[in-house]
Amino acid sequence: MIPVLPADIIPPKGSAQPFVQAKHPRNFLVTGATGFLGAFIVAQLIDRVLTLDGVQPDSTALDPLKVTCLARAKTNDAALARVITNLQHHSCWNPQYEPYLVGIAGDISRAQWGLADEDWTSLATSVDAIVHNGAVVHFLAPYHKIAPTNVDGTIWALRLAVAGNKLKPVHYVSSGTVLFSPHQFVTLLSRGEIVREDDPLDPATTVLCTSYGETKWVAEKRCAQAAALGVPVTVVRAAWISGSSKTGTVTDSSSLLFHLIKACIEIGAVPETDEKVGLVAMTPVDYVAELVAALTLMDAAQIKDMPQLRTEPAGTWARKWNLAVLSWDQWCARNVYAIRTQGRGHPLAPLRNQLLGWMQRYLLSIPDWSTMQTNMVMRAWREQLLAANVVEVPTVLATPADELMPLYLADLVVKGFLPAPKAKGTQNLRAKL
Ligand SMILES: NC(=O)c1ccc[n+]([C@@H]2O[C@H](COP(=O)([O-])OP(=O)(O)OC[C@H]3O[C@@H](n4cnc5c(N)ncnc54)[C@H](OP(=O)(O)O)[C@@H]3O)[C@@H](O)[C@H]2O)c1
């Protein structure tokens with residue numbers, strides 16, 4: 001699997017190198033706005049631009065703000081409706097956003113994202129920055145099923161960046177799963193070393209633990225190749241994206257993280273933490289969105305040293321359900337037994353084979369999450385953004401993981417995904433958690 005960048009992805013002749021972004025980018029294209037992170041990115045982007053406009057002496061002279069969201073739908077109106085419904089669903093909708101939002105029906109797994117030539121050209125000539133966040137996020141899907149979306153879709157984002165005789169930055173949302181190789185994840189991270197987005201990835205001979213991770217790896221490689229040719233690309237390699245730090249909204253109970261928690265509660269035990277190996281990063285979705293929005297508004301040439309998020313073990317949630325601590329082997333055996341008796345109803349049933357494979361190597365710390373490293377990274381970012389005169393910089397995460405987990409768990413209990421904890425003495429769910 002040696003990724004090769006198509007030869008047509010080169011900056012248009014005469015474009016400035018290094019790339020210089022328009023002082024006030026106004027016209028954005030976002031993919032994946034019908035998904036979890038995408039909802040928060042759209043909200044953050046609009047909020048930030050409006051805040052920046054508020055401090056500009058000449059903001060009325062600026063072009064109107066426009067955030068075009070490409071989404072799967074039959075019509076552009078239906079694409080927009082899906083995006084709005086998604087923001088509402090994730091509690092980040094503000095009716096003030098509506099005048100700035102435009103929907104465009106497309107499909108990132110298809111050639112030219114499924115757009116007609118005139119729509120493609122119109123975007124290519126008008127858009128100031130592309131936020132490519134859309135992807136199939138699935139840990140069990142085979143490579144060939146998701147590569148058209150995750151790999152080819154990213155190549156089309158790079159093509160759009162150089163099309164229309166207008167060079168524009170691509171902000172690519174990648175994933176920490178590109179590091180899930182024995183060398184990078186276990187050797188470097190467990191030694192406490194930070195892996196940065198611009199560090200070379202492991203060679204193509206490395207086996208990653210999921211095909212999803214492989215598609216993101218190949219897409220990142222192609223982004224790096226395009227960047228080497230002068231296409232302005234930034235990579236935001238998100239760690240495990242948890243719920244909103246403000247509302248506790250999590251991603252519809254579909255994330256592996258919460259399925260693992262549910263499994264622990266159902267079998268009454270967590271696996272023992274190996275602090276030397278197990279590190280599970282947790283970054284609230286609103287913080288990832290803040291970073292993506294801040295990046296999108298700053299000059300890509302100023303962006304360097306994007307650190308990879310990772311965390312230190314911490315956390316106490318398991319005590320709320322009085323869970324026992326078992327060795328990994330015992331914990332797995334209990335789950336395998338539960339899967340056998342419960343069948344598909346068990347939260348980890350689809351992952352039965354993975355339980356005995358890569359999950360053992362990589363998820364030994366599932367009882368524990370922390371936001372310490374996230375904070376470290378946010379601080380580093382703030383300094384860079386402040387140095388680059390970005391007026392609105394992301395806030396530093398104020399809430400430690402131990403305070404965030406109750407928010408998320410309460411959301412899942414209210415949604416009926418998790419049973420209420422057994423703690424006595426209070427009817428208040430948050431207090432119990
Ligand atoms: N969740 C995490 O913990 C995590 C961690 C690290 C990185 N990331 C990255 O963050 C990004 C967003 O993830 P998420 O958790 O927000 O995922 P999500 O909720 O599943 O959203 C995925 C988005 O991609 C869109 N999409 C998928 N296939 C498409 C296609 N063929 N054409 C157009 N749009 C398509 C989906 O549209 P539909 O609504 O039409 O399906 C949806 O809007 C992804 O790039 C992911 O790799 C996520």
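Just after helix 4, Gly-164 takes a positive phi of about 70°, in what is a predicted model. The helix that precedes Gly-164 spans residues 143-162, and 14 of its 20 residues are buried, so helix 4 is largely enclosed by the rest of the structure. The points below turn to the course of that helix, the surroundings of the ligand and the nonpolar cores.

**Helix 4**
- From its first C-alpha to its last, helix 4 reaches 27 Å, which is close to the 28 Å expected at 1.5 Å a residue for its 20 residues.
- Helix 4 nevertheless bends by about 30°, and the bend lies at Asp-152.

**Surroundings of the ligand**
- There are 26 residues around the ligand, and those that come nearest are Gly-32, Thr-34, Gly-35, Ala-135 and Ser-175.
- Helix 1 (36-55) and strand 5 (170-175) each supply at least two residues of this shell, and helix 1 gives the most, with three residues.
- Sorted by class, the shell around the ligand consists of eleven nonpolar, twelve polar and three charged residues.

**Nonpolar cores**
- In soluble globular proteins, nonpolar side chains tend to be buried together.
- The largest nonpolar core here has 81 residues, of which Ile-41, Val-42 and Val-292 touch the most other members.
- When its neighbours within four places in sequence are left aside, Val-292 is in contact with Ile-41, Val-131, His-171, Val-173 and Val-236.
- Another core, of 24 residues, lies apart from the largest one, and its members include Val-250, Ile-265, Trp-331 and Ile-339.

Notes: Residues are numbered from 1 along each chain as its sequence is written. This is a predicted model: local features need pLDDT of at least 70, side-chain atom pairs count only at pLDDT 80 or more; totals for chains, interfaces and linings use all residues. Helices (H or I, at least four residues) and strands (E, at least two) are DSSP runs, numbered from the N terminus. The expected span of a helix is 1.5 Å times one less than its number of residues. The bend at a residue is the angle between axes fitted to the seven residues ending there and the seven starting there. A residue is buried if 20 or more other C-beta atoms lie within 10 Å of its own, exposed if 12 or fewer, and partly exposed in between; C-beta atoms are placed from the backbone. A residue is near a molecule or strand if its C-beta atom, placed from the backbone, lies within 6 Å of it. Ala, Val, Leu, Ile, Met, Phe, Trp, Tyr, Cys and Pro count as nonpolar, Asp, Glu, Lys and Arg as charged, and the others, Gly among them, as polar. A nonpolar core is a set of buried Ala, Val, Leu, Ile, Met, Phe, Trp, Tyr and Cys residues joined through C-beta atoms within 7 Å. Two residues are in contact if their C-beta atoms, placed from the backbone, lie within 7 Å.
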